[in-house]
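Reader: I should like to learn how features of a model such as this one are read. May we take them one at a time?

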Amino acid sequence: MKIIVPMAGRGSRLRPHTLTVPKPLIPIAGKPIVQRLVEDIAGVLDETIDEVAFIISEDFGQAIEEKLTEVAKSLNAKPSIYYQDQPLGTGHAIMCAKDSLQGPAVVAYADTLFKADFNLDKSADAVMWVKQVENPSAYGVVKLNQENEITELVEKPSEFVSDLAVIGIYYFKDVAVLKSKLEEVIAQNMMRGGEYQINDGIDKMRADGASFKPGKVDEWMDCGNKTVTVDTNSRMLNFIQKEGKEQLISKNITLENAEIIEPCFVGENVVLKNAKIGPNVSIGNNSVVEDSKIKNSLIQEHSLIKNATLDNAMIGNHAKFNGEFTSISIGDYSVLD
C-alpha cells in the first residue's frame, strides 16, 4: 500500500506561521500534521505501508525534505519526494508523482486530520472518505444509491443533495487507473478555475463503470487557519489521552511552582516556572513559560512566554512574548488581539 500526499504550497490562511514552516509541518499535540495524517491512515488500513510519496514545492528546502523522509521511515516505508512547480490544482499535484502511481494507494491532502474505525471495502474500485456535516452547502458532497455506492459528486450544492462531505482522503484499488484518467484530463485541458481537479479524473473513472464506496469517519479536523488549528490541537490532545498510546508529557522537563492540567503536550527540555498550563495546551521542545497562565493554546519550539494570560493562542518557533510588553517588534501578518 502507498500513501500519496499532495502538500505543495505553504498556505496563506495560517500566516505568519507558514511563512517559515509549511502548514503540514505545523505540530499538533507534538507531531507534525502530516505525520499524524499518515500514521492515522496506516492505523485505519491496518496494512503495511510500502511507500509514502510527498508532492511539495521545491522551495521547501532540504531540512523540510529530511523531516518528510523521517515521517515515511517512521512507518518503515520508502520516502519519495516530488515537486509541483506550478499551483495547477489537485489533479496536477497528483500527476507530479506519476512514477509512484501504480497499485493500491491512498491519496490524502495534508491539511486535515481524522479519527475513524471502519473496515475498508476492498471490493470497491475506490473509496472516498466522508463526514456527515451540518452545513453541506459549504462542502463538496457525495450522493449515494441504495447499494451504498457513490453516484455523484456535487461541489457546494445550493439545494440539499447530501450531508456527506468529502474530506480529501481517497483509496484506489489501483491508482494507475486514476493516473490514466488524470492524463486524459490534462490532455483535454479540462481546467476549472485555472486548475486540474482530481474530481474530473474520478468522474471519468465512474463513467467507465468504476465502483466508488464511502468510508465514513467519526471525526474530521481542519487545520486551515489559526482558530481551527488550535481547536484541532485541543481535540487531538483529548483523543490521545483517551487512547493512552502516546506519552504526552516529556519526562525531561523542569517544573518550578508549576501546574499542568491535562490533557497537554509538553516537549523535551521545557521549563515551566510559576505557571499554570492547561487544559488543551501544546508546548514544543526547549520552550520556557514563566509567570503565566495558558489554556487552549499551541506554542511551538524554542519560544519564551512571560507574564502572560493566554487562551486560544498560537505562537510559533523562536518567539518571545511578554505580557507586560512596552516595546514591540512583530513582522508581516502577525496578530495581537
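Reader: How many bridges join strand S19 to strand S21?

Author: Helices (H or I, at least four residues) and strands (E, at least two) are DSSP runs, numbered from the N terminus, and two strands pair if DSSP finds at least two bridges between them. Here S19 and S21 (residues 304–306) run parallel and are joined by 3 bridges. Glu290 of S19 has Lys306 as its bridge partner in S21. The model is a predicted one, in which local features need pLDDT of at least 70 and side-chain atom pairs count only at pLDDT 80 or more, while totals for chains, interfaces and linings use all residues. Residues are numbered from 1 along each chain as its sequence is written, and side-chain values use heavy atoms, with hydrogens and water left out.

Reader: Which residue is the bridge partner of Lys273 in S19?

Author: That partner is Glu290. The bridge belongs to the parallel pairing of strand S17 (residues 271–277) with S19 (residues 288–295), which has 6 bridges. S19 also pairs in the parallel sense with strand S22 (residues 309–311), over 3 bridges; there, Lys293 is matched with Thr309 in S22.

Reader: What is the order of the strands in the open sheet of 4 strands?

Author: The order is S16-S18-S20-S23, and the pairing is parallel. S16 (264–266) and S23 (314–315) each have a single partner strand and stand at the edges, so one side of each lacks a neighbour in the sheet. Between S16 and S18 (residues 281–283) there are 3 bridges in the parallel sense, and Cys264 has Val281 of S18 as its bridge partner.

Reader: Which residues touch the most other members of the largest nonpolar core?

Author: In soluble globular proteins, nonpolar side chains tend to be buried together. A nonpolar core is a set of buried Ala, Val, Leu, Ile, Met, Phe, Trp, Tyr and Cys residues joined through side-chain atoms within 4.5 Å; buried means under 20% relative accessible area, exposed over 50%, and partly exposed in between (1.4 Å probe, protein chains only). The largest core has 52 residues, of which Ile41, Val52, Phe54, Phe114, Trp129 and Ile169 touch the most other members. Helix H1 (residues 33–45) supplies the largest share of this core, 8 residues. A second, separate core has 31 residues, including Met95, Ala97, Ile150 and Tyr170.

Reader: What does Ile150 touch?

Author: Contact means heavy atoms within 4.5 Å. Residues up to four places away in sequence being left out, Ile150 touches Met128, Val142, Lys143, Leu144, Arg206, Phe212, Lys213 and Pro214. Ile150 lies in strand S10 (residues 150–155) and is buried, at 5% relative accessibility. Its C-alpha atom is 6.8 Å from that of Pro214, although the two residues are 64 residues apart along the chain.

Reader: How are the rings of Tyr170 and Phe172 arranged?

Author: A pair of aromatic rings is described by the distance of the centres and the angle of the planes. Rings of Phe, Tyr and Trp (its six-membered ring) pair if their centres lie within 6.5 Å; planes under 30 degrees apart count as stacked, over 60 as edge-to-face and the rest as tilted. The count by this rule is 5 aromatic pairs. For Tyr170 and Phe172 the centres are 6.3 Å apart and the planes stand at 25°, so this pair is stacked. Phe172 and Phe212 form an edge-to-face pair, with 6.4 Å from centre to centre and 85° between the planes. This second pair links distant parts of the chain, with Phe172 in strand S11 (residues 164–172) and Phe212 in strand S12 (residues 212–216), 40 residues apart. Tyr170 is buried at 4% relative accessible area, Phe172 at 1% and Phe212 at 1%. Together with Tyr109, these residues form one aromatic cluster.

Reader: Where do the buried residues of helix H4 fall, seen down its axis?

Author: The arc is that of the directions from the helix axis to the C-beta atoms. Val175, Leu178, Lys181, Leu182 and Val185 are buried in H4. They fall within an arc of 115°, so they line one face of the helix. These residues pack against helix H3 (90–95), strand S6 (105–108), S11 and helix H5. Asp200, in H5 (residues 198–207), is buried at 3% relative accessible area. Just after H4, Asn189 takes a positive phi of about 55°.
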